[in-house]
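User: I'd like to go through the contact between the chains and then the salt bridges. Can you take a look at this one?

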Amino acid sequence: MSTAMNFSSKSFTPRPPDKGAFPLDHFGECSAFKERFMECLRQSGYESAACRQSAMAYLECRMDRQLMANEPLEKLGFKDLINEKSEEKPEKS
Amino acid sequence: MSTKGEKLQASEGPPGAAWRNLRDNQDKQDNRDNRVPAGPGHPSVPGPPVPCARGTATPPVPPPSRPVPPPLLPVARGLSPESPRAAMALCGRGWARCARGLRLGALSRPGPCGTRGVRGSNPFTRQQEEEWRRRNRSAVGYIAAAAVGMVGLSYAAVPLYRLYCQATGLGGTTAAGGGAERIERMEPVRDRLIRVTFNADTHASIQWNFKPQQSEIYVVPGETALAFYKAKNPTDKPIIGISTYNVVPFEAGQYFNKIQCFCFEEQRLNPQEEVDMPVFFYIDPEFAEDPKMAKVDLITLSYTFFEAKEGQKLPLPGYQ
């Protein structure tokens, strides 16, 4: 951690997360989704943009199992994925 | 007058002897024999009259120990040493006050010049003195007000500085606004690819096995990303851990925003339990516009777990 002695240089101050802490997944209910996400990451060379679908699925799993506060996915930065989904659905139907 | 005082100093014997003689009305013989050397600090004797400060540079000479005859000056003028007029001669200009002190038998030590005799007698200097006193008083008032103002300012500085930091974003404090609307509206900056590496540490006393599940991840500013850590409790008793994080480089830390993570809250792991700990974060799009961040393409996120003991109150940033 940064020493407190430096007055001139900027020091790092940890900030609390915006939405608080994740409750622990003691029973491994969303482990499958996590595995899928990790697999995707390894395949894509650890590029986050390629695995956003899996990330969204994991967060949805958490929300379903009360391991995360329910929040519309647009607010979590998945707006483009939601729009894609809604575009696909009218196309299919 | 002052010269007279000096002369008295130079002459033999303490000038105070004359005072004592007059007050006690003792026998001349007794005085000569029982005369206590009136040194300063002697408890029963008031001591010799202190010559007035003006004009005399020499400190009062301590009187000799052996008894000495009274000062010569009044005697030379044909006065006896015990007479009041001798005392008046000793006083010099301020003799009226000295006489008053004589009659009252005052224990105070009016000097040969009298108490403030020189300054108070002249009406012009008195006026000036009053003027100076008045000015001094107003100056003291101003200074006291300034001191109180400084103390108040130092107390007010704390919330003021906090407001200033929030307004200007100095020192990494972000504006109070932010939150979900920003995440919703932010657009990813595709041309800046940043490599985020993960590091996991444990404090020496905690027996968890704590490691990241991916060593690195490539993100762009403005896009949310998910990463995982894994923690295992290999012992046979539940352990409560609490973690904090660090971002290197420090200046990039202000752009590193966590939506949700597992830090700053007590996490309890049962014996032989293993859990996945996710971190959901994003890098602020303004990162791309900061000239200081132009060369930065590696950010390291480091978590450290500590053991939380019962009844221990940890200072958590931003939490009440």
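Analyst: What follows covers the interface and then the salt bridges, and the model is a predicted one.

User: How many residues does each chain put into the contact?

Analyst: Chain B contributes 52 residues and chain A contributes 41 residues.

User: And what area is buried between chain B and chain A?

Analyst: About 4,200 Å², with carbon and sulfur atoms giving 57% of that.

User: How many residue pairs are in polar contact across it?

Analyst: There are 16 residue pairs in polar contact across the interface of chain B and chain A, counting pairs with both residues at pLDDT 80 or more.

User: Which element of chain B gives the most to the side that touches chain A?

Analyst: The elements giving two or more residues to that side include α9 (179-185), β4 (224-232), β5 (239-248) and β8 (274-283) of chain B. Of these, β8(B) gives the most, with six residues.

User: What's the make-up of that side by class?

Analyst: The side of chain B that touches chain A has 25 nonpolar, 15 polar and twelve charged residues.

User: OK, salt bridges. How many cross the interface of chain B and chain A?

Analyst: Two salt bridges are found across that interface. B:Asp276 and A:Lys34 pair through their side chains, at 3.1 Å from N to O.

User: What network is A:Lys34 linked into?

Analyst: A:Lys34, A:Glu35, B:Lys230, B:Glu274 and B:Asp276 are linked in a network of salt bridges.

User: And the count over all chains?

Analyst: The count comes to 13 salt bridges over all chains.

User: Let's go inside chain A. Which parts does the A:Arg52 and A:Asp80 pair tie together?

Analyst: Their side chains meet in a salt bridge at 2.9 Å, N to O. A:Arg52 lies in helix α2 (residues 52-64) of chain A and A:Asp80 in helix α3 (residues 79-92) of chain A, so the pair ties together parts 28 residues apart in sequence.

User: Is A:Arg52 buried or exposed?

Analyst: A:Arg52 counts as buried, at 6% relative accessibility. A:Asp80 is partly exposed, with a relative accessible area of 34%.

User: What about A:Glu39 and A:Arg42, how far apart are they in helix α1?

Analyst: They are three residues apart in helix α1 (residues 31-43) of chain A, so about one helical turn separates them. Their side chains form a salt bridge at 3.3 Å, N to O. A:Glu39 is partly exposed at 38% relative accessible area, and A:Arg42 is partly exposed at 42%.

User: Switching to chain B, where do B:Glu131 and B:Arg135 lie?

Analyst: Both lie in helix α8 (residues 123-168) of chain B, four residues apart, about one turn of the helix. B:Glu131 forms a salt bridge with B:Arg135, with the closest N and O atoms 3.2 Å apart. B:Glu131 counts as partly exposed, at 28% relative accessibility.

Terms used: Residues numbered from 1 in each chain as written. Chains lettered and ligands numbered in written order. Predicted model: local features only at pLDDT ≥ 70, side-chain atom pairs only at ≥ 80, totals over all residues. Heavy atoms only, no water. Contact = heavy atoms within 4.5 Å. Buried area = accessible area lost by both parts, 1.4 Å probe. Salt bridge = Lys/Arg side-chain N within 4 Å of Asp/Glu carboxyl O. Polar contact = N/O pair within 3.5 Å; in protein donor to acceptor, adjacent residues only side chain to side chain. Nonpolar A, V, L, I, M, F, W, Y, C, P; charged D, E, K, R; others polar. Buried < 20%, exposed > 50% of the residue type's maximum accessible area, 1.4 Å probe, protein only.
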